[in-house]
Amino acid sequence: MDMVTGIRDAVADRAAAWDFIRAFAAEWSAAPLTERDGWGAGEIAAAEERLGLPLPAALKEAYALLGRRPDLTDNHDALRPLAELEVETDERGTALVFRDENQGVCRWGILLADPERAAGDGTDPDDPPVVIRLDLQDKSEERWEPWLGRVSHCFVEIVLAESVHEPEELTAMLVDVDGDKGEEGDLAAEEGLVRLPFPDYPPGDTRPTRWYAGPDLLVRGDSVAYVRARTEEALELFLGPDEEE
């Protein structure tokens, strides 16, 4: 697959995001996506009835596409099953929570607001922004902070991010990103890599997450670099003889 074109299209268009996920699953996972890998319309409707609110269209489409494929969504962090979707409300906002960090460090959600006001703010109510909230000891310091600008972007990020943690024989972690991987850890300086046109995230972070691709390689770079290869040969070639996982 053409990773650069696929990501560019996925960022621009929600339907293209689902096409990218299908292509990624076909080439980078154990098996292509099938109709059995998503939640059914009746199950999604039951979740909406339990919650007492309609789910954004993009979230419903994502659950219908890959909600039952933990190898694409749950290798490190976890996409909540429909029965565990939760509306969380406090004085700092109301959010629909759908994903958790593997050690409970943070959770991801969608802020719930009046659709007309959201549209006035330039937000697509069918594909709204995703926010993140750290689980802090001092709860008064917790805030919902921006993560990615659309639910569809978040699910593209999910399949990419979860892929760099499995399978073990095709993944590696590089700790020293600054010294030999380019200015400010920009891995595009690494020979054979190209930076993917995916938004930096989270917004305003001094070391945002960025994605790169190379021959049979996918690399996530922030304070460390996570590498996923399609073949053992590609991983060995990228790491070099002296690189430790």
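**Exercise 1. Is glutamate 162 buried or exposed, and at what relative accessibility?**

*Solution.* The structure is a predicted model, in which local features need pLDDT of at least 70 and side-chain atom pairs count only at pLDDT 80 or more, while totals for chains, interfaces and linings use all residues. Residues are numbered from 1 along each chain as its sequence is written, and side-chain values use heavy atoms, with hydrogens and water left out.

Step 1. Locate the residue: glutamate 162 belongs to helix α7, residues 151-163. Helices here are DSSP runs of H or I with at least four residues, strands are runs of E with at least two, and both are numbered from the N terminus.

Step 2. Apply the cut-offs: buried means under 20% relative accessible area, exposed over 50%, and partly exposed in between, with a 1.4 Å probe and protein chains only. Glutamate 162 is buried, because its relative accessibility is 1%.

Step 3. List the surroundings. Not counting residues up to four places away in sequence, glutamate 162 touches Leu72, Thr73, Asp74, Asn75, His76, Asp77 and Arg99; contact means heavy atoms within 4.5 Å.

Step 4. Find the polar partners. A polar contact is a pair of N or O atoms within 3.5 Å; within protein, one must be able to donate a hydrogen and the other to accept it, and residues adjacent in sequence count only if both atoms are side-chain atoms. The glutamate 162 side chain lies 2.5 Å from the backbone nitrogen of histidine 76, and a polar atom of that side chain is 3.4 Å from the backbone nitrogen of aspartate 77.

**Exercise 2. Describe how helix α7 packs against helix α1, and place valine 156 in that region.**

*Solution.* Step 1. Give the geometry: the axes of α1 and α7 are 9 Å apart and form an angle of about 145°. Axes are lines fitted to C-alpha atoms, for helices over the stretch in contact, and angles run from 0 to 180 degrees between N-to-C directions.

Step 2. Name the residues that meet: Ile7, Ala10 and Val11 of α1 face His153, Val156 and Leu160 of α7. By class, the contact comprises five nonpolar residues, one polar and no charged. Ala, Val, Leu, Ile, Met, Phe, Trp, Tyr, Cys and Pro count as nonpolar, Asp, Glu, Lys and Arg as charged, and the others, Gly among them, as polar.

Step 3. Turn to valine 156, a residue of α7. Its relative accessible area is 1%, so valine 156 is buried. Beyond its neighbours within four places in sequence, valine 156 contacts Ile7, Ala10, Ala17, Phe20, Ile21 and Phe198. The C-alpha atoms of valine 156 and isoleucine 21 are 6.5 Å apart, although 135 residues separate the two along the chain.

**Exercise 3. Characterise helix α2 and its N-terminal cap.**

*Solution.* Step 1. Compare length with span. Helix α2 covers residues 14-28, 15 residues in all, and reaches 21 Å from first to last C-alpha, close to the 21 Å expected at 1.5 Å a residue; the expected span is 1.5 Å times one less than the number of residues.

Step 2. Identify the buried positions: among them are Trp18, Phe20, Ile21, Phe24 and Trp28. The elements covering the buried residues of α2 include α1, α4, α5, α7, β10 and β11.

Step 3. Examine the start of the helix. Aspartate 13 caps the N-terminal end of α2, with a side-chain oxygen 3.2 Å from the backbone nitrogen of alanine 15.

**Exercise 4. Work out the strand order of the five-stranded sheet, then examine the loop between β9 and β10.**

*Solution.* Step 1. The sheet is open, with antiparallel pairing and the order β7-β11-β10-β9-β8. Its edge strands, β7 (171-174) and β8 (194-195), each pair on one side only. Two strands pair if DSSP finds at least two bridges between them.

Step 2. Follow one pair: β9 (residues 210-214) and β10 (residues 217-221) are antiparallel over five bridges. Glycine 214 has leucine 217 in β10 as its bridge partner.

Step 3. Inspect the loop. Aspartate 216 lies between β9 and β10, and its phi is near 60°, a positive value in a residue other than glycine. Most residues other than glycine have a negative phi, and most peptide bonds are trans. Aspartate 216 counts as partly exposed because its relative accessible area is 34%.

**Exercise 5. Which peptide bonds before proline 167 and proline 202 are cis or trans?**

*Solution.* Step 1. The bond from glutamate 166 to proline 167 is cis, with omega near -5°; proline 167 is in the loop between α7 and β7.

Step 2. The bond joining tyrosine 201 and proline 202 is cis, with omega about -5°; proline 202 is in the loop between β8 and β9.
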